[in-house]
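Trainee: Please take a close look at the sheet in this model and follow it into its surroundings. I would value one connected account, with the criteria behind each term.

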Amino acid sequence: MISSYCRRFASTSASNSAAWARNTLPGGFTSDGLKNYGLLSNYGQESLEQLKSREVRRRRRQLDDETNQPYVDLFSKRISDECSDHLKSQESPSDSLARAFFGSKHFMPERIILTPIHLLSGESSTSIPSSFRLKDRFLQWTVVSKSPLELIFSWQVTNVKGVTMLAFDPALQKVYHGNCINIKEEALDKPLAAIGIRLHKVYAEFLLAGMVSELPSTKTNI
């Protein structure tokens, strides 16, 4: 997972969720953390726990290879005190984020396009679950990592694959939406790829805003 405190509180129960929210350290979610997770896990296609130590060491060396860096982004939005308090009261704030993300009006056009495809294939759910469990599939996304504060989904379309992260930092009162895609940074110098990434960034921030708008008490702070 991206942040150390996510592992620390992975087994937190509903009865002490307010305690884990108060004790969480800020700044745990970074684009570097998401990139490292993507590279080490083959973009969520492989479990880190099942990799042999030699393979893990080989992949860690790739993290320093400047010619092998994938595209990564991380967007955040500060939320209101009321919205933050609501998320802190949840047993699993990350589930609330995912339901808001996939259930937002901003995501609706993509959901309308993808739903018939996955209804025909029958390989994944087309209904938003109340709780996202490891290996659960919703449309194009598969849950590959989960903690109370963070969900990471993997996805693949032909030879393009990546991970999408949703997270909540109670101390900073921020929610996050990040992506890591197996497109090398050097390839983004090409005009067509550069245009595609610019559009992706606009859409990613649009989806983040949609997620926030679906959360209770959504008036955001400056």
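**The sheet and its surroundings**

Mentor: Strand β1 (residues 70–78) and strand β6 (residues 174–184) run antiparallel and are joined by nine bridges. Strands here are DSSP runs of E with at least two residues, helices are runs of H or I with at least four, and both are numbered from the N terminus. Two strands are taken to pair if DSSP finds at least two bridges between them. The model is a predicted one, in which local features need pLDDT of at least 70 and side-chain atom pairs count only at pLDDT 80 or more, while totals for chains, interfaces and linings use all residues. Residues are numbered from 1 along each chain as its sequence is written, and side-chain values use heavy atoms, with hydrogens and water left out.

Within the β1–β6 pairing, L74 has G178 of β6 as its bridge partner. Strand β6 is also joined to strand β5 (residues 160–169), through eight bridges and again in antiparallel fashion; here A167 has Y176 of β6 as its partner. The hairpin of β5 and β6 leaves four residues between the strands, and in it Q173 adopts a positive phi near 55 degrees. Taken as a whole, the sheet is open and has six strands in the order β1-β6-β5-β4-β3-β2, with antiparallel pairing. Its edges are β1 and β2 (137–138), each of which pairs on one side only. At the β2 edge, two bridges connect β2 with the antiparallel strand β3 (residues 141–147), and R137 stands opposite T142 of β3.

Strand β4 (residues 150–157) contains W155. Burial is judged by relative accessible area: under 20% is buried, over 50% is exposed, and the range in between is partly exposed (1.4 Å probe, protein chains only). W155 has a relative accessible area of 14% and is therefore buried. Leaving aside residues up to four places away in sequence, W155 is in contact, meaning heavy atoms within 4.5 Å, with Q45, Q140, W141, V160, K161, G162, V163, T164 and I181. Of these partners, Q45 is 110 residues from W155 in sequence, although their C-alpha atoms are 8.6 Å apart. The side chains of W155 and T164 are also joined by a polar contact of 3.3 Å. That term denotes a pair of N or O atoms within 3.5 Å; within protein, one must be able to donate a hydrogen and the other to accept it, and residues adjacent in sequence count only if both atoms are side-chain atoms.

The sheet also leads to the nonpolar core. Such a core is a set of buried Ala, Val, Leu, Ile, Met, Phe, Trp, Tyr and Cys residues joined through side-chain atoms within 4.5 Å. The largest one has 46 residues, and L97, F102, F132, W141, F153, V175 and M211 touch the most other members. Helix α8 (residues 191–214) supplies the largest share of this core, six residues. Beyond four places in sequence, V175 touches F75, S76, K77, I79, L87, L97, A167, F168, L208, M211 and V212.

Helix α6 (residues 93–103) is largely enclosed by the rest of the structure, because nine of its 11 residues are buried. Among those buried residues are L97, F101 and F102. F101 and F102 belong to one aromatic cluster with F107, F132, F138, W141 and F153. Rings of Phe, Tyr and Trp (its six-membered ring) pair if their centres lie within 6.5 Å; planes under 30 degrees apart count as stacked, over 60 as edge-to-face and the rest as tilted. By this rule there are 11 aromatic pairs. The F102 and F107 pair is edge-to-face, since the ring centres are 5.3 Å apart and the planes stand at 75 degrees. F102 counts as buried at 1% relative accessibility, and F107 is buried at 0%.

Helix α7 (residues 108–121) holds T115 as well as E110. T115 is buried at 19% relative accessibility, whereas E110, at 22%, is partly exposed. With residues up to four places away excluded, T115 touches T126 and L139, and E110 touches W141 and Y203.

Finally, the cysteines: C83 is buried at 1% relative accessibility and C180 at 0%. The structure holds zero disulfides, a disulfide being a pair of cysteine sulfur atoms within 2.5 Å.
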